[in-house]
Every structure is written in C-alpha cells, then in structure tokens.
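User: Could you walk me through this model, one question at a time?

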Amino acid sequence: FHGCRSPLERCACDLRRYWMVFWLSLPILGMEIAGGVAAGSLALLSDAGHVFGDMLAVGSAILAERAVIRGRSERHWRSWSGYVSAVLLLVVAASIAFEAVVRMDHPPEVRGGVMIVVAALGAGGNFLQHLILKSSAAQHVTQRGMHLHVGTDLIQSIVVVVTGIVIAATGFMVFDLVVSFVIAIVFALWSAKLFWESAVTGAGGTP
C-alpha cells in the first residue's frame, strides 16, 4: 500500500484493505458458526453474529469508498457508512441480549474446550484484519467504523476464550450467558458512539 499519497489513491488503498478484511471474515464466520453449534455456546454464536455484521459493515464501507473515488460527496457517503456500521452493531447487541435472557432459565451444556480452540482461531483472524486496517493513514468515520468492528470482534474473541477456560475449569455454564449479556451492553455503547460521530460528520464536523 505504499505510494497512496493523494486522497483518491488513499481511497483506492483503503478499498483494497476492506476487500481483504471481507474475504478473511468468511472462514472466520463459518468456523465460529460450526464451533458455536458444536459447543452449545451463545457467546461463540454471538461472535459469529458479530462477524456477519462486520461483513455487512465492510460492504457498506466498500460502497462508500467507491462512491468517493467516483467523485461523489465524501462527507455524505462516509457519514452513511458510519450510520450503517452503528446500526448493525446495535442489532447484534440486541440479538445477543435477547437470546441470553431467553436461555437464562435453562442454561445449555457448554463445551469449554471447543470454545477455547475456535475463539482463539477467530481472535487470530481478527488480529490479522486489525493489522491490515492499521496500515491505513486515513482518519475518517468509515475507517474508524471498520476499526471499531474489527477491534470489538477481537476483544469478543478473547473474552470467549477466557469464558471457555472458566467453564472448562468450573463447569459454571451460566457464565456463558452472563458474558454474552455484558458483551451486548458494551456493543450498544460503542454503537451509540459511532452513531454520534456519523451525525457530526454528516453535519459538517470532522470526517
């Protein structure tokens, strides 16, 4: 990505980064869905849901960058992309919280060992995505939205690893649901922050 100096060159470089992040998300998503079902873990399935939300958000960022490259309103499209990322993050948070509450009365059997392995592999993929995005010099709401999605996914994967360790060591199955609910609250707060940044960008603030 060296030589991306002009605004259009930076947009083209960011577009390539977003595509790399998108294609890396596919194997992570499949692995975490299969692992979540095999482990009976809501925390792991919520991580898979987050990855799916990431892919939709990356798709909106790709559309935004293509629009900017074609000469359309940079501020408008970056604001729109930020809104999409914020809404998707909020939807994921609400879904996790709802399912955690539903399962609380009858916590399912959770296989902590499967959680640990799958979440650790997911965290490795998320870290690679983080390195890809970190190489960008851009500091706008689309880029921050991508960092937020990938960063929160990395944090969630690490939390799921720790959850698996606790469950494997103690057999405390309800811990999977408690952690899932806490993750949902954190995601909702991050969504509100990104929504505010998008509103500021759309109103003519710092993009």
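User: Thanks! Which helix does Q156 lie in?

Analyst: Happy to help; please keep in mind that this is a predicted model. The protein chain has 6 helices and 0 strands, so a helix number is enough to place a residue by element. Q156 lies in helix α5.

User: Is Q156 buried or exposed?

Analyst: The cut-off to keep in mind is that buried means under 20% relative accessible area. Q156 has a relative accessible area of 1%, so Q156 is buried.

User: Which residues is Q156 in contact with, leaving aside its neighbours within four places in sequence?

Analyst: Sequence distance can hide spatial neighbours here: Q156 and L44 are 112 residues apart in sequence, and their C-alpha atoms are 8.9 Å apart in space. Leaving aside neighbours within four places in sequence, the contacts of Q156 are A43, S46, D47, H50, I96, I183 and F187.

User: D153 is in helix α5 too. How far away is the nearest side chain of opposite charge?

Analyst: D153 is buried and has no salt bridge. Its contacts beyond four places in sequence are D47, H50, V51, D54 and N126. The nearest side chain of opposite charge belongs to R103, and the distance is 17 Å.

User: Which residue meets R103 in a salt bridge?

Analyst: Side chains of opposite charge can pair when their charged atoms come close. A search of the whole structure finds 1 salt bridge. For R103, the N to O distance is 3.0 Å, and the partner is E99.

User: How many residues apart are R103 and E99 in helix α3?

Analyst: E99 counts as partly exposed because its relative accessibility is 27%. R103 and E99 are separated by about one helical turn of α3, because their spacing in that helix is 4 residues.

User: What is the distance between the end C-alpha atoms of helix α4?

Analyst: Helix α4 covers residues 112–134, which makes 23 residues. At 1.5 Å a residue, α4 should span 33 Å. The model agrees with that, as the end C-alpha atoms are 32 Å apart.

User: Which element has the highest mean pLDDT?

Analyst: The protein chain averages a pLDDT of 80, and 81% of the residues score at least 70. Among the elements, helix α3 (residues 74–103) has the lowest mean, at 79. The highest mean, 91, belongs to α4.

User: Which element gives the largest share of the largest nonpolar core?

Analyst: That core has 18 residues, and among those that touch the most other members are Y18, V58 and L133. The elements giving two or more residues to this core are α1, α2, α4 and α5. The largest share, 7 residues, comes from α2.

User: How many residues does the second, separate core have?

Analyst: Its members include A86, V179, I183 and F187. Two of these names came up earlier, as I183 and F187 are in contact with Q156. The size of this second core is 12 residues.

User: Going back to L133, which residues is it in contact with beyond four places in sequence?

Analyst: L133 is one of the buried residues in α4. Leaving aside neighbours within four places in sequence, L133 is in contact with R17, Y18, V21, Q143, M146, H147 and V150.

User: Last one: what percentage of the residues in the protein chain is buried?

Analyst: The protein chain has 207 residues, and along the sequence its pattern reads α-α-α-α-α-α. Among contacts between residues at least 6 apart in sequence, 81% join residues at least 24 apart. The buried share of the residues is 47%.

Methods: Residues numbered from 1 in each chain as written. Heavy atoms only, no water. Buried < 20%, exposed > 50% of the residue type's maximum accessible area, 1.4 Å probe, protein only. Lys, Arg positive; Asp, Glu negative; His and termini not counted. Salt bridge = Lys/Arg side-chain N within 4 Å of Asp/Glu carboxyl O. Contact = heavy atoms within 4.5 Å. Expected span 1.5 Å × (residues − 1). pLDDT = per-residue confidence, 0-100. Core = buried A, V, L, I, M, F, W, Y, C linked by side-chain atoms within 4.5 Å.
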